[in-house]
Amino acid sequence: MLKVLFVCLGNICRSPSAEAAFIAEVKCQGLTSVIAVDSAGTIGHHAGETADPRTIKHGKQRGLDVASISRKFDPKSDFLTFDYIIAMDDSNIQDLKLLDPTGQYSDKIFKMTDFKLNRHENIVPDPYHGGPEAFELVLDIVQDCSKGLLKHVRHKHKL
Ligand code: 4NP
């Protein structure tokens, strides 16, 4: 199994959206038996909670099932378990790098927008204090980048 983990701050808005969008792509391309997907947050404030209701609602409106339960990123196991650790913005990248002080897992750490196809953003912006358009923008970006990520992974791992 190839294992992909999406990471944001709270694991209730952006990384659950990315997880749902990527799972939808993986399903669409018939790869659910070879690619495992999860998400986590660098803070644990919402651990055990479902995604933000706005994330669930906007996802549902475009056919995405945002079903993840928030959890905190665990450096002891997640760096080892996952092949790709995909952050939503530069602050998430910094937080992950602080948890990997020797840099031994730096080759696994990416930013979601590294895989963009038709978007121009360089981060997935935090929608938490924003309106509906902020949640729509997150979905627009993660859906585009999910396609690019799957393309990259399929090519690199010959899936
Ligand atoms: P996320 O959004 O990182 O996309 O899940 C946030 C959710 C919660 C908080 C911040 C950002 N918070 O501070 O509780």
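**Helix 2 and the ligand site**

Right after helix 2 comes Gly 63, a residue with a positive phi, near 85 degrees. The model is a predicted one, and this helix is a handy place to start looking around. Helix 2 itself covers residues 53–61. At its start, Asp 52 gets involved: a side-chain oxygen of this residue reaches to within 2.8 Å of the backbone nitrogen of Arg 54.

Next, the two sides of the helix. Thr 55, His 58 and Gly 59 of helix 2 are buried. Looking down the axis of helix 2, the buried residues fall within an arc of 105 degrees, so they line one face of the helix. What covers these buried residues includes helix 1 (14–28) and helix 5 (132–157). Flip to the face of helix 2 turned away from the buried side, and the exposed residues Pro 53, Lys 60 and Gln 61 turn up.

The ligand has its own set of neighbours. Around the ligand sit Cys 8, Leu 9, Gly 10, Asn 11, Ile 12, Cys 13, Arg 14, His 46, Asp 126 and Tyr 128. Sorted by type, this shell splits into five nonpolar, three polar and two charged residues. Some of the neighbours also place polar atoms by ligand oxygens. For Asn 11, a polar backbone atom is 3.2 Å from an oxygen atom of the ligand. With Arg 14, a polar side-chain atom lies 2.8 Å from a ligand oxygen, and for His 46 a polar side-chain atom is likewise 2.8 Å from an oxygen atom of the ligand. Taken alone, the ligand exposes 350 Å², and the protein buries 88% of that.

Notes
Residues are numbered from 1 along each chain as its sequence is written. This is a predicted model: local features need pLDDT of at least 70, side-chain atom pairs count only at pLDDT 80 or more; totals for chains, interfaces and linings use all residues. Side-chain values use heavy atoms; hydrogens and water are left out. Buried means under 20% relative accessible area, exposed over 50%, partly exposed in between (1.4 Å probe, protein chains only). Helices (H or I, at least four residues) and strands (E, at least two) are DSSP runs, numbered from the N terminus. The arc is that of the directions from the helix axis to the C-beta atoms. Contact means heavy atoms within 4.5 Å. A polar contact is a pair of N or O atoms within 3.5 Å; within protein, one must be able to donate a hydrogen and the other to accept it, and residues adjacent in sequence count only if both atoms are side-chain atoms. A residue is near a molecule or strand if one of its heavy atoms lies within 4 Å of it. Accessible areas come from the Shrake-Rupley method with a 1.4 Å probe; for residues, only the protein chains shown count as cover. Ala, Val, Leu, Ile, Met, Phe, Trp, Tyr, Cys and Pro count as nonpolar, Asp, Glu, Lys and Arg as charged, and the others, Gly among them, as polar.
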